[in-house]
Amino acid sequence: MDYDFSALLPDDMQAAVIPVGCLDDIRENIKDVLSQKHLNGFQKWILDKKYVLSIPEVGFEPKSIIIAAAPFVIRDVVFEYNDMVFKTMTACEETRYWTQFETKIKNAGFNASVCLWLPRKLIAARTGLVQYGKNNITFAKDMGSYYGLMLYFSDMPAPEEYEWREFGYMDFCDTCQKCIMNCPTGALKKDSFILDTDLCLSAMLETGNYINDDAKRAVHALDGCYRCQDVCPFNSKILSKPRERIVFDSNDTDCILRKEMNGELKDRLYAAGIGSWAQDIAHKTLKTVFDNIR
């Protein structure tokens with residue numbers, strides 16, 4: 001490898017390069033996970049149907065897989081409504097990291113093609129870029145669990161020596177258990193690091209089908225559930241940093257509840273870290289929140 005890979009990384013980004021042949025090991029890992037009896041139908045579909053574990057046609061001969069991590073931007077977001085206040089947070093990626101990284105790869109004389117349908121967390125864990133927590137969320141150095149992953153096929157040669165480890169969750173998790181104790185719906189289990197998506201509050205948020213009133217009262221974000229991440233010791237440093245605070249007043253919140261959001265309000269929500277799918281269900285989510293504040 002006659003180039004300085006670290007020089008291609010924008011500040012705060014981390015990445016690893018592995019030979020494309022490592023896909024063979026990933027296929028075997030997926031087969032092993034699929035053989036586990038406690039998977040539900042949705043999880044089996046993700047593993048067996050959604051993931052594409054072959055090399056796509058990309059217009060060049062792929063020699064490597066690049067897995068990259070970039071930190072999320074975390075914001076405090078407040079929704080006012082009449083005499084009630086809902087305080088939450090958002091965590092979202094900044095596309096500038098990927099744009100800068102891809103430009104630097106191109107300027108170095110290599111091709112890179114984004115691949116969205118490989119198991120990014122698993123590959124990142126096997127390279128040592130991240131580690132799994134008991135909550136089935138992965139953690140990166142200096143980013144905690146608040147980061148995004150991007151994966152590329154590239155004609156950039158992989159280094160002769162590279163890290164390729166077996167995956168598993170952090171030993172620390174065996175004695176901590178905070179995520180399990182604080183999961184509001186019991187989706188995390190002591191005997192497994194695979195999340196029970198049937199009980200996950202994030203899934204209930206999207207469908208609107210809550211298992212009970214306690215689950216409704218547990219809603220605390222517009223884009224998922226952060227409880228297991230909030231309490232994780234590996235996120236304490238990240239969450240203690242000062243962050244931007246964005247307020248939506250009663251008029252804004254009323255428009256969201258009535259599904260009468262104009263383009264300007266949608267843009268402000270997006271700038272606050274609330275993406276399109278969270279905006280689509282925001283009227284239901286906020287109604288659930290304010291019904292339980294009363």
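User: What is the handedness of the crossing in which α1 passes α4?

Analyst: In this predicted model, α1 passes α4 in a right-handed crossing. The near helix is turned clockwise from the far one by less than a right angle, and so the crossing takes that name. Helix α1 covers residues 23-34, and its axis lies 11 Å from that of α4, at an angle of about 120°.

User: What makes D25, I26, N29 and I30 in α1 part of a contact with α4?

Analyst: These four residues meet L122, I123 and R126 in α4. To count as a contact, heavy atoms must come within 4.5 Å. By class, the residues of the contact divide into four nonpolar, one polar and two charged.

User: Where does α4 lie with respect to β1, β2 and β8?

Analyst: Helix α4, residues 120-127, lies across β1, β2 and β8, and runs at about 85° to β8. These strands belong to an open sheet of four with the order β1-β2-β8-β5 and antiparallel pairing.

User: Why are β1 and β5 said to stand at the edges?

Analyst: β1 (14-19) and β5 (112-114) each have a single partner strand, so one side of each has no neighbour in the sheet. From one strand to the next, the twist averages 30°.

User: How do you know that β1 and β2 pair?

Analyst: At least two bridges are needed for two strands to pair. β1 and β2 (residues 64-71) have six, in the antiparallel sense, so the requirement of at least two is met. Within this pairing, Q14 stands opposite A69 in β2.

User: What is the order of the strands in the open sheet of three?

Analyst: The order is β4-β3-β9, with mixed pairing. The edge strands are β4 (84-92) and β9 (245-248), each pairing on one side only. Here the twist averages 25° from one strand to the next. Strand β3, residues 73-81, pairs with β4 in the antiparallel sense over nine bridges. The bridge partner of Y81 is M84 in β4.

User: Which helices pack on this sheet?

Analyst: Helix α12 (residues 263-271) touches β3 and β9, and its direction makes about 150° with that of β9. Helix α14 (residues 282-293) touches β3 and β4, with its direction at about 140° to that of β4.

User: Why is H283 called buried?

Analyst: H283, which is in helix α14, has a relative accessible area of 17%. Buried means under 20%, so H283 is buried. Leaving aside residues up to four places away in sequence, H283 touches I256, L257 and K259.

User: Which residues of α11 meet α14?

Analyst: T253, I256 and L257 in α11 meet A282, H283, L286, K287 and F290 in α14. The contact has five nonpolar, two polar and one charged residues. The axes of α11 (residues 250-257) and α14 come within 8 Å and cross at roughly 115°.

User: Why do C183 and C225 not form a bond?

Analyst: A disulfide needs two cysteine sulfur atoms within 2.5 Å. The closest cysteine sulfur to that of C183 is in C225, 6.4 Å away, and therefore too far for a bond. C92 is also in no disulfide; the nearest cysteine sulfur, that of C225, is 18 Å away. The structure holds zero disulfides.

User: Is C183 buried or exposed?

Analyst: C183 has 17% relative accessibility. The limit for buried is under 20%, so C183 counts as buried.

Methods. Residues are numbered from 1 along each chain as its sequence is written. This is a predicted model: local features need pLDDT of at least 70, side-chain atom pairs count only at pLDDT 80 or more; totals for chains, interfaces and linings use all residues. Side-chain values use heavy atoms; hydrogens and water are left out. Helices (H or I, at least four residues) and strands (E, at least two) are DSSP runs, numbered from the N terminus. Axes are lines fitted to C-alpha atoms, for helices over the stretch in contact, and angles run from 0 to 180 degrees between N-to-C directions. Buried means under 20% relative accessible area, exposed over 50%, partly exposed in between (1.4 Å probe, protein chains only). Ala, Val, Leu, Ile, Met, Phe, Trp, Tyr, Cys and Pro count as nonpolar, Asp, Glu, Lys and Arg as charged, and the others, Gly among them, as polar.
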